[in-house]
Amino acid sequence: MATDRAAVPSVLAAAALLLWPALWNGYPIVFADTGTYLSQALHLYAGWDRPVFYSLFMLPLHGTVTTWPIVVVQALATAWVLRLVCRVLLPGLPAMGFVAGVAVLAVCTWLPWMVCELMPDVFTPLLILVLCILGLTPERISGRERAALVLLAAFMIACQQSSVPLSAALLGVLVLVRRLSIMPWPGLRCWRLLALPPALAVMALCAVNLGAHGRFEVSPFGNVFLLARVIYDGPGMLALQRGCPASGWRLCPFLGRFPPLSDDFIWAPDSPLNLAGGAKAVSRDADAIIAKAVAYDARGVVRAALANTLEQLRRFDSGDGLEAWPEQVTPWIERDFPQAEQAAYATALQQRGLLRVPPALVTLHRITALGGIAACGLLLPLAVRRRAACLGFLTAVLIALPVSAAITGALSTPHDRYQSRIMWLPPLIAAVSPGSLRRTPA
């Protein structure tokens with residue numbers, strides 16, 4: 001199938017619609033991690049907690065002049081992927097129908113806020129859609145588009161460590177859908193195409209970590225996040241109390257100084273983690289402490305993981321992280337960008353503490369998300385009977401919700417921002433699936 005060049009104006013229009021939160025704010029939205037992403041590539045260092053690939057993506061776009069091109073490119077990429085989804089599931093959808101649909105998403109979901117944020121969060125839901133296209137409908141896009149999607153998916157996986165297990169789970173889902181003969185089994189070339197993105201991403205992550213940290217691993221210090229979770233769930237603290245001081249763990253001298261929240265344990269300057277030498281040093285003890293926690297109270301670890309997953313599933317309110325970040329982001333803007341950019345950043349609503357998602361929109365986003373989940377559940381049996389292309393999309397989106405919650409909630413800490421970033425997918429797929437089903441013979 002040839003590339004849909006006629007869709008270019010509609011993609012541009014859709015991208016423009018997705019930029020409204022940044023325009024309202026007066027500047028792209030920032031988060032605590034934005035400072036790290038802005039600085040890594042610019043100052044040639046690799047942080048222990050964040051891959052460098054999103055930082056490398058940002059650098060040529062902002063060029064230490066302005067960050068606006070970053071969110072513009074994110075909007076264009078989002079609009080293009082959405083157009084491809086509509087094209088493979090709803091061939092013949094008019095351009096104005098597509099733009100109108102994106103306008104609804106721009107109002108009724110959290111999507112445009114992620115697009116406008118200097119963070120890779122929007123790549124998580126886009127990755128789910130891209131893998132579905134590659135795994136379920138590759139014959140409906142051109143060879144150039146397939147190649148572009150493979151590279152885009154590899155980049156998106158490499159941007160966030162949580163995307164590695166998420167992509168692995170999604171590949172399993174897509175293979176299972178095909179193997180059950182619900183849909184025609186594709187050739188070997190298709191599965192090679194689908195396996196390429198995670199393979200490329202893993203190799204890239206390992207290579208960078210080898211050069212930066214001397215460790216050929218996907219996430220050399222990722223066990224620190226799991227350590228914090230296990231400690232604050234109880235079993236990890238029990239392991240520390242029983243093992244210290246004989247174990248010689250670096251956290252032992254600070255047992256009486258643990259803050260009440262796991263986020264403070266990881267990020268506060270005076271936390272036990274930092275007092276003990278930082279994440280890289282404590283990471284050397286983390287696996288042993290986690291293993292002891294599991295040995296002492298395996299059921300407690302499992303119960304806590306399930307409870308955190310359920311907690312994450314219910315937490316998806318819009319607006320998490322919209323406060324100002326004067327210590328985490330402002331110093332990098334002031335250090336590396338011109339005065340005009342500094343002034344635009346400083347006068348934005350967010351930096352003045354005035355950026356909020358209107359309560360009515362928060363409610364609308366939640367209703368839209370829940371309605372989308374319910375609609376996907378109702379459409380799934382019909383898609384199975386008709387062996388429709390939308391079946392794989394419906395299945396992948398519904399399974400991605402608990403899988404993502406388990407990765408972020410059980411392995412890290414439940415936050416609204418983690419689950420809200422994928423909650424616009426069910427309404428999208430629920431909206432395009434009826435049209436896809438009508439085009440599929442019963």
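Begin by selecting Gln328, which sits in the loop between helix H17 (298-314) and helix H18 (330-336); helices here are DSSP runs of H or I with at least four residues, strands are runs of E with at least two, and both are numbered from the N terminus. The structure on your screen is a predicted model, in which local features need pLDDT of at least 70 and side-chain atom pairs count only at pLDDT 80 or more, while totals for chains, interfaces and linings use all residues. Residues are numbered from 1 along each chain as its sequence is written, and side-chain values use heavy atoms, with hydrogens and water left out.

Stay with Gln328 and add Gly35 to the selection: the two are 293 residues apart in sequence, yet their C-alpha atoms are 5.7 Å apart in space. If neighbours within four places in sequence are left aside, Gln328 is in contact with Ala32 and Gly35, where contact means heavy atoms within 4.5 Å. With a relative accessible area of 32%, Gln328 is partly exposed, a class that lies between buried (under 20% relative accessible area) and exposed (over 50%), computed with a 1.4 Å probe on protein chains only.

Next, select Ser163, which lies in helix H10 (residues 163-179). Is this serine, Ser163, buried or exposed? Ser163 counts as buried, because its relative accessibility is 1%. Apart from neighbours within four places in sequence, Ser163 is in contact with Thr124, Leu127, Met156 and Ile157.

Now turn to a pair of helices. Two packed helices are described by the angle between their axes and the distance between the axes. Select helix H5 (residues 68-89) together with helix H23 (residues 425-438), whose axes come within 9 Å and cross at roughly 25 degrees; the axes are lines fitted to C-alpha atoms, for helices over the stretch in contact, and the angles run from 0 to 180 degrees between N-to-C directions. H5 and H23 are therefore roughly parallel to each other, since angles under 35 degrees count as roughly parallel, over 145 as roughly antiparallel, 65 to 115 as roughly perpendicular and the rest as oblique. Show the side chains of Leu82, Val85, Cys86 and Leu89 in H5, which meet Leu428, Ile429, Val432 and Ser436 in H23. By class, this contact of H5 with H23 has seven nonpolar residues, one polar residue and no charged ones, where Ala, Val, Leu, Ile, Met, Phe, Trp, Tyr, Cys and Pro count as nonpolar, Asp, Glu, Lys and Arg as charged, and the others, Gly among them, as polar.

Keep H23 in view and add helix H21 (residues 390-410): the axes of H21 and H23 come within 9 Å and cross at roughly 165 degrees. That angle makes H21 roughly antiparallel to H23. On the H21 side the contact is made by Cys390, Phe393, Leu394, Val397 and Leu401, and on the H23 side by Leu425, Pro426, Ile429, Ser433, Ser436 and Leu437. The residues of this contact of H21 with H23 divide into nine nonpolar, two polar and no charged.

Pause on Cys390, which is buried, with a relative accessible area of 0%. The closest cysteine sulfur to that of Cys390 is in Cys376, 9.3 Å away, which is too far for a bond.

Finally, select Cys244 and Cys252, which form a disulfide with their sulfur atoms 1.9 Å apart; a disulfide is a pair of cysteine sulfur atoms within 2.5 Å. The angle about the S-S bond is -75 degrees, and the link of Cys244 and Cys252 is left-handed. Cys244 counts as buried at 15% relative accessibility, and Cys252 counts as buried at 13%.
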